[in-house]
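Trainee: I have a model open on my screen and would like to learn how to read it. Could we walk through its features together?

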Amino acid sequence: MRKMLLSICAMLMALEASAVQYYVAGNGTSGNPWCNGLSWGVKACPMTMDGTTGSITFDSVPAGTYQFKVTNGSTWYGAAKFRAACSNLYAYGTDNIIFSITQMQDISVSYDGTYICLTGTVGNDYPDSTQFAAVGVPSEYEGVMLQGFYWDSYSDKGYGRTKWIDLLKDTTAIGDNFDLVWFPPSGYGGGTGYYTKRYSLQDSDWGSRAKLVELLAALHRHETKVLADIVVNHRQASSGWCTFSSENFGSYGQFQLTSEHICSGDECFTDKTSDCKGSTGGAADTGDNDDGCRDLDHTSTYVQEYVKAYLDWMLNTIGYDGYRYDMVKGYLGMYVSMYNLSSQPYFSVAEYWDGTPANVKAYLESASYNTTAFDFPLKFKLNATIGKGTYSGLKNAGLRGIGLQKYAVTFIDNHDTFERSDNTSNEFIGYKKNLVANKAKVMQANAYLLMLPGTPCVFYPHWVTFRTEINSLIALRKAAGLHSESVVTDETASSSAYSATIQGHNGSVVLRMGSGRDTTTPVGYYLAVQGNDFEVYASSDIDFSPVNITAMPTVRADNTDNTEKQLINGRLYIRKNGNTYDATGRLMK
């Protein structure tokens, strides 16, 4: 009997010793009750266990953005375990669980081995779902965007110079085809402008503030709206590492940034060459660090008011209509939502550089859907399909594959991807290869872009090289009333062919591409646009004059030397001043 009791006791002790124990670990900071003020201490915050369920409450957690995981000391449980049904706080993330609160409250976390629940005594005090997509995202939008620059195009690098004075000469052609134009950062900073020194000084390598305002007014006369490139993740100091010039936004306020408005993890506080090493910084970064400039602390109410004033001033004083937000992985999406709700832009698009649709969706959720995002998943899919000479994988490609075509700004290339010299998959045709020599795949990709839903963004070098051809596709898109939320029926996506029917406000189109495509005209349709290895058919209720763009001449926008480029039977010829030359420059008889 005694042996049996000892055996039972030993068994109970072993069970007790092996009982699960959970902990919460997160981005605690000294003096803040969240995570007992400890930063990612693995066993710093033990949960109270009731069998296999753990729970813990942190009292009087102030407003802010927080991250955490649950752990048993060796295994970590994060966003994949979060369950909204048992929570009253909205959380997101693809790894850590991230949530934000705007007022002090008690925060409780529980985990039963299956789901993590997150509750607060106040709960979710953010805008309800009726406010989602209230700004910056037009419904069933028929507009087409032009990226009105490429890298360093303020000094012509082969596709025409795009200083303000140059674009002023082309506003009629731009206005006749595009509803939106995205401009580069126009603040003072030198070069392309992604390391701006002063937001309130709108004189840059692209031109003066006066010429910028004149250009905006000229485009507005054509009913074309313009997006400012907003770089508020990071700021370049005026001198040294963190000495900033004061900013004067007129009636919207004056601001002076200091080291306290820089994220505490910025390298300026630790680099031995920094003249502000050891200075007081702000809160921890809420996103990825940019080591080229000082990362702004968006948890700071002063920084928030600074950005709001800047955006209001850009819309109401300079004359922009909306924004392209640069490097939004550098700070939480809730701040883009905050800034858009404050300034009410006509259109907003965020650069969330990520090829996984679920990650882009998580970002859009974090921004309360008060912005669109560039469809990088589609860009990479185009690289892997049309860019490689195959059409497999084009069904439900990109953000439309998860029902987010309304929030997708689709594109083939941009200033970053086009200029990459490492020949990675970020490039559509390879580093600086001749666009004319790659006309077939470039035009097929543009046909896909301009016939499918989302808001298509045409790349400037593509437009100036194939202006007439791309304008024809834009004209068909508008005649059909294709829009950001158009319904697509994918029919074929194989190695040799892609076909789909797309419904617009005024009718439908059928897009077919590839050597294995069906070339018979569908019943009730007519051939509207024919190109290299593709056709677009329009339903009979669409008023459009058919066009063949297979061998049209290509003309540069800055064609001051009377030069034309032509592809004839796959060979490049150049006409200049009445003479014809081959690609080597040899005069043809």
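Mentor: Happily. Let's begin with one idea: a cavity is a set of grid points where a 1.4 Å probe fits but cannot get out. Keep in mind that this is a predicted model.

Trainee: How many cavities of 30 Å³ or more does the structure hold?

Mentor: There are three of them. The largest cavity has a volume of about 70 Å³. Among the residues lining it are Asp-375, Leu-378, Arg-400, Tyr-448 and Pro-453. Sorted by class, its lining has seven nonpolar, three polar and two charged residues.

Trainee: Arg-400 caught my eye. Which residue forms a salt bridge with Arg-400?

Mentor: The general idea comes before the case: side chains of opposite charge can pair when their charged atoms come close. Here the partner of Arg-400 is Asp-490, with the closest N and O atoms 3.0 Å apart. This pair links distant parts of the chain, since Arg-400 sits in the loop between helix H8 and strand E20 while Asp-490 belongs to strand E22, 90 residues apart.

Trainee: Are these two partners buried or exposed?

Mentor: For that we need the cut-off: buried means under 20% relative accessible area. Arg-400 has 12%, so Arg-400 is buried. Asp-490, at 16%, counts as buried too. Salt bridges can also share partners, and in this model they join Asp-229, Arg-324, Asp-326 and Glu-351 into one network.

Trainee: How many salt bridges does a search of the whole structure find?

Mentor: The search finds 19. Another one to look at is the pair of Asp-95 and Lys-69, whose side chains meet at 2.7 Å, N to O. Asp-95 lies in the loop between strands E6 and E7, and Lys-69 in strand E4, so the pair ties together parts that are 26 residues apart in sequence. Lys-69 is buried, with a relative accessible area of 12%, whereas Asp-95 counts as partly exposed at 45%.

Trainee: And what about a salt bridge inside a helix?

Mentor: Try Glu-305 and Lys-308, which meet at 3.6 Å, N to O. Both lie in helix H5, three residues apart, about one turn of the helix. Glu-305 counts as partly exposed at 41% relative accessibility, while Lys-308 is buried at 19%.

Trainee: Let's stay with that helix. How many residues does H5 have, and what span does it reach?

Mentor: H5 covers residues 301-318, which is 18 residues, and reaches 24 Å from its first C-alpha to its last. That is close to the 26 Å expected at 1.5 Å a residue. H5 is mostly covered, with 13 of its 18 residues buried.

Trainee: What should I look for at its two ends?

Mentor: At the start of H5, a side-chain oxygen of Ser-300 reaches to within 3.2 Å of the backbone nitrogen of Tyr-302. After H5 comes Gly-319, whose phi is positive, near 115 degrees.

Trainee: Now for pockets. What is the volume of the largest pocket, and which residues are closest to its centre?

Mentor: A pocket, unlike a cavity, is an open set of points. The largest pocket has a volume of about 520 Å³. Of its 26 lining residues, Gly-64, Thr-65, Ala-283, Thr-286 and Thr-299 are the closest to the centre. Strands E4 and E7 and helices H5 and H6 each give two or more residues to the lining; E4 gives the most, with four. By class, the lining divides into 11 nonpolar, 14 polar and one charged.

Notes:
Residues are numbered from 1 along each chain as its sequence is written. This is a predicted model: local features need pLDDT of at least 70, side-chain atom pairs count only at pLDDT 80 or more; totals for chains, interfaces and linings use all residues. Side-chain values use heavy atoms; hydrogens and water are left out. The expected span of a helix is 1.5 Å times one less than its number of residues. Buried means under 20% relative accessible area, exposed over 50%, partly exposed in between (1.4 Å probe, protein chains only). A polar contact is a pair of N or O atoms within 3.5 Å; within protein, one must be able to donate a hydrogen and the other to accept it, and residues adjacent in sequence count only if both atoms are side-chain atoms. On a 1 Å grid over the protein atoms alone, a cavity is a set of points where a 1.4 Å probe fits but cannot get out, and a pocket is an open set with protein on both sides within 12 Å along at least five of seven lines; lining residues have an atom within 4 Å of a point. Grid points are joined across faces, edges and corners, and a volume is the space filled by probe spheres set on the points. Ala, Val, Leu, Ile, Met, Phe, Trp, Tyr, Cys and Pro count as nonpolar, Asp, Glu, Lys and Arg as charged, and the others, Gly among them, as polar. A salt bridge is a side-chain nitrogen of Lys or Arg within 4 Å of a carboxyl oxygen of Asp or Glu.
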